[in-house]
Amino acid sequence: MWKTVKLKEICTVFNDGDWIETKHQSEGGIRLIQTGNIKSGYFSDRIDKARYISEDTFASLNCTEIFSEDILVSRLPEPVGRACIIPALDERAITAVDCTIIRVQEEKVISEFLNYYMQSPSYFTSVQKELTGTTRQRISRKKLGEIPVILPPLAEQQRIVAKLDAAFAEIDAAIAAADSKETEVQKLKASLLSSSLSGDAVMWKTVKLGDICQFVRGPFGGNLKKSFFVESGFAVYEQKHAIENQCDDFRYFVTLEKFNEMSRFAVSAGDILMSCSGTIGKSTIVPKGAPTGIINQALLKITPSEVIEVRFLKLYMESRIFSEQLMDTVDGMAMQNVASVKTLKNITINLPPLAEQQRIVAKLDAAFANLGDAKDAVAKSKLNYQSLKSAILAQELQSEVA
């Protein structure tokens, strides 16, 4: 018979990770596993983003070591409650305070079964009911421990795990093939950009961006504090607008008085906004009819002159040619920033006559539309595969509860 138990009732360990601040971290030692490593059902190594503490810090903070076969649960989005089994690592490890460590009672539950259960629709429905917070939702460890788990006998758990392993292996292979197609689409787009933007050395001119564009870096943070924001008024353009390539979703606004005070940072239709901190180089064109507003400190406003088509400039800014030059202007380690407007102005562009720019834009627009259709088809197939996983989980984890 299957029975319903509380999550905490089938664990020998059910504790949160450790509170590790930046000052506690070191170049090497014991690895800190973070919420970003926890995906729904699997561990994402992300070794390039790994953080560590020393063994002395481990001892002084009385940290809890985690081991392979432990389950980690992220109590932060997205989505809240996602969990994975820790694989065998080549180093000792701990986890962050926003993660809950689960070590199961082996006489009651198989780790792999619980890991599958914590990917199921019924599990996430239970978690959603216990969330707190508005802007950043989370679940407390106490509430997580109360989440119901529908538990069959061990033999049935083993049968279900074996069946799901086989089914998910086929689905994961299909997802990997879709990822490969998506990569091919991106490579083709990059190749088209590169070939279209390398032109005739006689007819095209190499110029500096500073000679054909005006640059305005966003204001210092102290000039645009959150305390200045109001519920409605003049829009504040953020880095997300450049990253997401959109100008229609706003969280912050300023008054007319503040807007007039910061008029130097006002946007106009045809400006390009570029992200300058963290995620660098993403851009969007301000369209006609976009809300009147100003840029924040993480953006650069680029206003092209009449010698360059704004769409041509944006395409150039999406090319490898531009990105390589841009990265030479970057400083900072953990949080990268564009060093200065002066260095950006020295970036060069191979510029064709205006009519040729317009021809290239039209050609690439048509080509990218076809590539976009292919990318959408790949994304749809991946979504279908994930839906199939959810359906299989729901079917296998249904039972009559005692």
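**Aromatic contacts and a four-strand sheet**

Student: Are Tyr-316 and Phe-322 buried or exposed?
Tutor: Both residues fall in one class (buried is under 20% relative accessible area, exposed over 50%, partly exposed in between; 1.4 Å probe, protein chains only). The model is predicted: local features need pLDDT of at least 70, side-chain atom pairs 80 or more, while totals for chains, interfaces and linings use all residues. Numbering runs from 1 along each chain as its sequence is written, and side-chain values use heavy atoms, without hydrogens and water. Tyr-316 and Phe-322 are both buried.

Student: How many aromatic pairs are there?
Tutor: Rings of Phe, Tyr and Trp (its six-membered ring) pair if their centres lie within 6.5 Å. Planes under 30 degrees apart are stacked, over 60 edge-to-face, the rest tilted. The count by this rule is seven.

Student: What geometry do Tyr-237 and Phe-250 adopt?
Tutor: Their centres lie 4.8 Å apart. The planes meet at 80 degrees, which makes the pair edge-to-face.

Student: Where in the chain does Phe-250 sit, as the partner of Tyr-237?
Tutor: The pair links distant parts of the chain, 13 residues apart. Both residues are buried. Tyr-237 is in strand 13 (residues 234-237; strands are DSSP E runs of at least two, helices H or I runs of at least four, numbered from the N terminus). Phe-250 is in the loop between helix 7 and strand 14 (253-254).

Student: Why is the pair of Tyr-316 and Phe-322 classed as it is?
Tutor: The ring centres are 5.7 Å apart. The planes stand at 65 degrees, so the class is edge-to-face.

Student: Which residue forms one aromatic cluster with Tyr-117 and Tyr-123?
Tutor: The cluster has two Tyr members, Tyr-117 and Tyr-123. It is completed by Phe-124.

Student: How far is the charged end of Lys-258 from the ring centre of Phe-228?
Tutor: A charge sits over a ring if NZ of Lys or CZ of Arg is within 6 Å of the centre and within 35 degrees of the ring normal. Arg-92 lies over the face of Phe-58, at 4.9 Å. For Lys-258 over Phe-228, the value is 3.9 Å.

Student: Which strands stand at the edges of the open sheet 3-5-4-8?
Tutor: Four strands make up this sheet, and the pairing is mixed (a pair needs at least two DSSP bridges). Each edge strand has a single partner, so one side is left without a neighbour in the sheet. The edges are strand 3 (25-26) and strand 8 (93-95).

Student: What is the bridge partner of Gln-25 in strand 5?
Tutor: Strand 3 pairs with strand 5 (residues 51-53) over two bridges. The sense is antiparallel. In strand 5, Gln-25 is bridged to Ile-53.
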